[in-house]
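Dear colleague,

Please find below the structure that I am handing over to you. My findings follow directly after it.

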Amino acid sequence: MKAFFHFDQRHTSYRQETVAGITTFLSMAYILVVNPLILSQAGMDKGAVFTATALSAIIGSLLIGLLANFPIGIAPSMGLNSFFTFSVCIGMGIPWQTTLTGVFIAGILFILLSLFKIREIIINIIPEDLKYAISGGIGFFVAFIGLKNAGLVISNHDTIISLGNLAKPTTILAIIGFITTIIMMMRRIRGAIFYGMVITTIIGIIWGVIDKPTHIVGEIPSLSPTFGAVFSHLHEILSPKVLAVIFTFLFVAFFDTAGALIAIASQAGLIKDNKIPNIGRALLADSASIVVGSVLGTSTTASMVESSAGIAAGGRTGFTSVIISVCFFIALFFSPLLSIVTSEVTAPALIIVGALMAAQVKQINWNRIEIAIPAFITIIMMPLTSSVATGIALGFILYPITMIALGKWKEVHPLIYVLCLAFLGYFIFIV
């Protein structure tokens with residue numbers, strides 16, 4: 001087992017990987033609660049979506065761990081489930097069964113792009129400075145999510161965002177968790193982020209901020225309302241509306257996943273000579289999980305940026321992903337316990353992980369303005385638009401423009417120009 005996962009080469013151990021896997025699971029466990037709530041608004045059965053969410057996370061995480069040896073969790077994407085429900089099903093009036101078929105077709109196309117190494121080629125041609133910008137931008141995005149979940153920043157009509165109510169009990173709990181975790185990290189306690197979550201949860205229960213679960217074991221809901229619905233609506237995929245939906249799922253999921261993989265691989269120290277080892281297998285695992293998830297009955301799955309919490313806790317190999325998968329399997333039976341893993345519990349981890357990931361920006365060559373401007377826009381637009389894909393797209397548009405302006409157009413890979421035009425077309429005709 002140690003040899004299979006390269007424990008010695010990556011300087012890790014069973015304990016380190018297990019703690020990392022549990023930490024990542026706790027950081028992404030909210031998806032089991034939130035995903036059914038969002039998709040149920042599209043008319044889907046909440047219980048079936050819960051089971052589909054857990055199973056897709058089990059299968060996806062296991063695939064990327066065993067095939068690519070990456071310490072990553074895969075689960076339904078938060079941004080794409082909102083797009084699924086509010087933009088497509090409610091906004092465009094497309095039934096959830098047809099929308100799910102669109103996700104299925106996008107997954108099949110992803111598999112083809114992965115098998116022909118097109119996705120791998122695109123990720124590898126991204127300039128090194130933009131890779132660091134993507135990693136740093138996701139760090140700011142993750143930290144912003146943590147600050148929002150903690151109640152430290154809130155929406156404000158006049159200033160867009162502002163400081164939250166620091167006297168609010170849930171916000172105080174998040175601050176206590178944040179400080180506790182930082183102290184343990186400063187004391188070099190391994191698994192500090194995981195232990196911080198546990199301590200925060202216990203304090204929350206004692207204080208009465210977090211409700212005790214009414215029971216421990218829950219019944220696994222049936223998959224029958226959603227399982228296989230994609231196959232009865234395949235004849236609708238050629239309509240213009242559905243084709244636009246498929247393209248959007250394809251575009252956003254492609255670059256969401258690309259951004260997450262680049263950021264996580266960079267954080268884990270896996271990038272060598274501007275290339276990510278086993279990236280092709282990782283992308284294939286990610287693509288396969290989209291297809292499996294759509295058949296089970298959930299929106300597009302993706303590599304979760306919350307995996308960075310597990311990497312910060314020491315995750316370096318696919319064994320971390322195996323542990324994530326096991327945790328989701330257990331969660332199928334102990335769903336009532338998930339109620340104690342609130343957003344305030346996971347918020348400190350996301351803020352700290354965001355800070356660690358943001359450190360990648362120091363690698364960017366800020367002295368070269370042709371690099372600095374695209375990199376900065378890539379970074380800043382991720383948290384401001386709540387979209388990793390948008391940040392990457394704008395960076396890809398600006399980078400060739402700045403290089404051409406300096407007469408360095410030959411230094412830009414031809415595919416970057418193709419992607420620049422594709423992104424421009426996306427913003428003009430789709431968004």
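In this predicted model, helix α10 (residues 240-267) and helix α16 (residues 388-405) have axes that come within 8 Å and cross at roughly 90 degrees. An angle of 65 to 115 degrees counts as roughly perpendicular, so α10 is roughly perpendicular to α16. On the α10 side, the contact is made by Phe251, Val252, Phe255, Asp256 and Gly259; α16 contributes Val388, Ala389, Ile392 and Ala393. Sorted by class, the residues of this contact are seven nonpolar, one polar and one charged.

The loops on either side of α10 each hold a residue that I would like to describe. Threonine 226 is in the loop between α9 and α10. Its relative accessibility is 0%, and therefore threonine 226 counts as buried, the limit being under 20%. Leaving aside residues up to four places away in sequence, threonine 226 touches Met44, Ala48, Trp96, Val295, Leu296 and Gly297.

Asparagine 278 is placed in the loop between α10 and α11 (279-296). Its phi is near 65 degrees, which is a positive value in a residue other than glycine. With 35% relative accessibility, asparagine 278 counts as partly exposed, because that class lies between the 20% limit for buried and the 50% limit for exposed.

A positive phi is also found close to the start of the numbering, in the segment before α1, where histidine 6 lies. The phi of histidine 6 is near 60 degrees, again in a residue other than glycine. Histidine 6 has a relative accessible area of 33% and is therefore partly exposed.

Next come the aromatic residues. A search of the whole structure finds 11 aromatic pairs. One of them joins phenylalanine 4 and phenylalanine 5, with 4.9 Å from centre to centre and 90 degrees between the planes. Planes over 60 degrees apart count as edge-to-face, so this pair of phenylalanine 4 and phenylalanine 5 is edge-to-face. Phenylalanine 5 has a relative accessibility of 2% and thus counts as buried. Phe4 and Phe5 also belong to one aromatic cluster together with Phe7, Tyr14 and Phe319.

Helix α1 (residues 14-28) deserves a description of its own. What span should its 15 residues have at 1.5 Å a residue? The expected value is 21 Å, and the end C-alpha atoms of α1 are 21 Å apart, so the two agree. The helix is mostly covered, as 11 of its 15 residues are buried. These are Gln16, Glu17, Val19, Ala20, Gly21, Thr23, Thr24, Phe25, Leu26, Ser27 and Met28. The elements that cover the buried residues of α1 include the helices α2 (31-40), α9 (192-207), α12 (307-312), α13 and α14, as well as the strand β1 (74-76).

Two of these covering helices, α13 (318-333) and α14 (343-358), are joined by a loop that contains threonine 342. Is threonine 342 buried or exposed? Its relative accessible area is 19%, which is under the limit of 20%, and threonine 342 is therefore buried. Along the chain, threonine 342 and isoleucine 31 are 311 residues apart, while their C-alpha atoms are separated by 11 Å.

Yours sincerely

Technical notes
Residues numbered from 1 in each chain as written. Predicted model: local features only at pLDDT ≥ 70, side-chain atom pairs only at ≥ 80, totals over all residues. Heavy atoms only, no water. Helix = DSSP H or I, 4+ residues; strand = E, 2+ residues; numbered from the N terminus. Buried < 20%, exposed > 50% of the residue type's maximum accessible area, 1.4 Å probe, protein only. Axes fitted to C-alpha atoms, helices over the stretch in contact; angles between N-to-C directions. Parallel < 35°, antiparallel > 145°, perpendicular 65-115°, else oblique. Contact = heavy atoms within 4.5 Å. Nonpolar A, V, L, I, M, F, W, Y, C, P; charged D, E, K, R; others polar. Expected span 1.5 Å × (residues − 1). Phe/Tyr/Trp six-rings, centres within 6.5 Å; stacked < 30°, edge-to-face > 60°.
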